Amino acid sequence: MKTVAAYTFPAVTRTGETLPARPLCDWHPDGCPDADPGRAFFVSVVSGAHWRALTGPYDTHLDALAKVAEAEGLAQRDPRASFYAYGTVQAPSDTRTIFGRL
Ligand SMILES: [Zn+2]
């Protein structure tokens, strides 16, 4: 299982510019994007070319990342679960999930 690290943006850059605090993660070193209008973040499960939303919706990418391990644990009731890939996805806010919002 991949360990997820969350960071906060440095408040002042090397050039002295002050930046707004913004969450970072391993996938978005320049700052996690906001969800597009009408969309939200979900924990996803992928099997080949198919994916489903396991849990969500979440307002931020970090909120979804924080639920990946718990959602993967719930998915273990499926005997094929260890063959799937788990992560996060941005999708329409009304996307149906398997386990709801943890
Ligand atoms: Zn991110």
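**The sheet**

Select strands 3, 4 and 5 of this predicted model. These three strands make up an open sheet in the order 4-3-5, with antiparallel pairing. Strand 4 and strand 5 (85-92) are the edge strands, each pairing on one side only. On average, neighbouring strands of the sheet are turned by 35° against each other, direction ignored.

Next, colour strand 3 (39-47) and strand 4 (50-58) separately. Six bridges link strand 3 and strand 4 in the antiparallel sense. The two strands form a hairpin with two residues between them. Stop at Gly48 in the turn, where phi is positive, at about 60°.

Walk back along strand 3 from the turn and display the residues facing each other across the sheet. Val45 stands opposite Arg52 in strand 4, and on the strand 5 side Val45 stands opposite Tyr86. Ser44 has Ala53 of strand 4 as its bridge partner. Val43 is placed opposite Thr55, also in strand 4. In a regular strand, side chains alternate between the two faces of the sheet.

Now turn to the other side of strand 3. Strand 3 is joined to strand 5 by eight bridges, and the two run antiparallel.

**A cis peptide in strand 4**

Select Gly56 and Pro57. The peptide bond from Gly56 to Pro57 is cis, with omega near 5°. Pro57 itself lies in strand 4. Keep both residues on display for the next stop.

**Phe41 and the core**

Which residues does Phe41 contact, leaving aside its neighbours within four places in sequence? Gly56 and Pro57 are among them, as are Tyr58, Thr60, His61, Asp63 and Ala64. The list is completed by Ala35, Thr88 and Gln90.

Extend the selection to the largest nonpolar core, which has 14 residues. Those with the most contacts inside this core are Phe41, Phe42, Val43, Leu54, Tyr58, Ala64 and Ala71. At least two core residues come from each of strand 3, strand 4, helix 1 (61-65) and helix 2 (68-75). Strand 3 supplies the largest share, five residues. In soluble globular proteins, nonpolar side chains tend to be buried together.

**Helix 2 over the sheet**

Show helix 2 as a cartoon above the three strands already coloured. Helix 2 lies across strand 3, strand 4 and strand 5, and runs at about 110° to strand 5. Which residues of helix 2 are buried? They are Val68, Ala71, Glu72 and Ala75. These residues cover an arc of only 100° around the axis, and therefore lie on the same side of helix 2. To see what covers the buried residues of helix 2, display strand 3, strand 4, strand 5 and helix 1, which are included in that cover.

**The loop before strand 5**

Follow the chain out of helix 2 and select Phe83, which lies in the loop between helix 2 and strand 5. Is Phe83 buried or exposed? Phe83 counts as exposed, because it has 9 C-beta neighbours inside 10 Å, and the cut-off for an exposed residue is 12 or fewer. Add Ser47 to the selection and draw a distance between the two C-alpha atoms. Phe83 and Ser47 are 7.5 Å apart in space, C-alpha to C-alpha, and 36 residues apart in sequence.

**The whole chain and its confidence**

Zoom out to the full model. The protein has two helices and five strands, running β-β-β-β-α-α-β from the N terminus on. Of the 102 residues in the protein, 24% are buried. Among contacts with a separation of 6 or more, 50% are between residues 24 or more positions apart.

Finally, colour by pLDDT. The protein averages 84, and 80% of the residues score at least 70. Residues 1-10 are the last selection: pLDDT stays under 50 there, and the model has 21 contacts beyond four places in sequence for this stretch. Where pLDDT is low, the predicted coordinates should not be read in detail.

Technical notes
Residues numbered from 1 in each chain as written. Core = buried A, V, L, I, M, F, W, Y, C linked by C-beta atoms within 7 Å. Buried ≥ 20, exposed ≤ 12 C-beta atoms within 10 Å, placed from the backbone. Helix = DSSP H or I, 4+ residues; strand = E, 2+ residues; numbered from the N terminus. Contact = placed C-beta atoms within 7 Å. Pairing = 2+ DSSP bridges. Axes fitted to C-alpha atoms, helices over the stretch in contact; angles between N-to-C directions. Arc of directions from axis to C-beta. pLDDT = per-residue confidence, 0-100.
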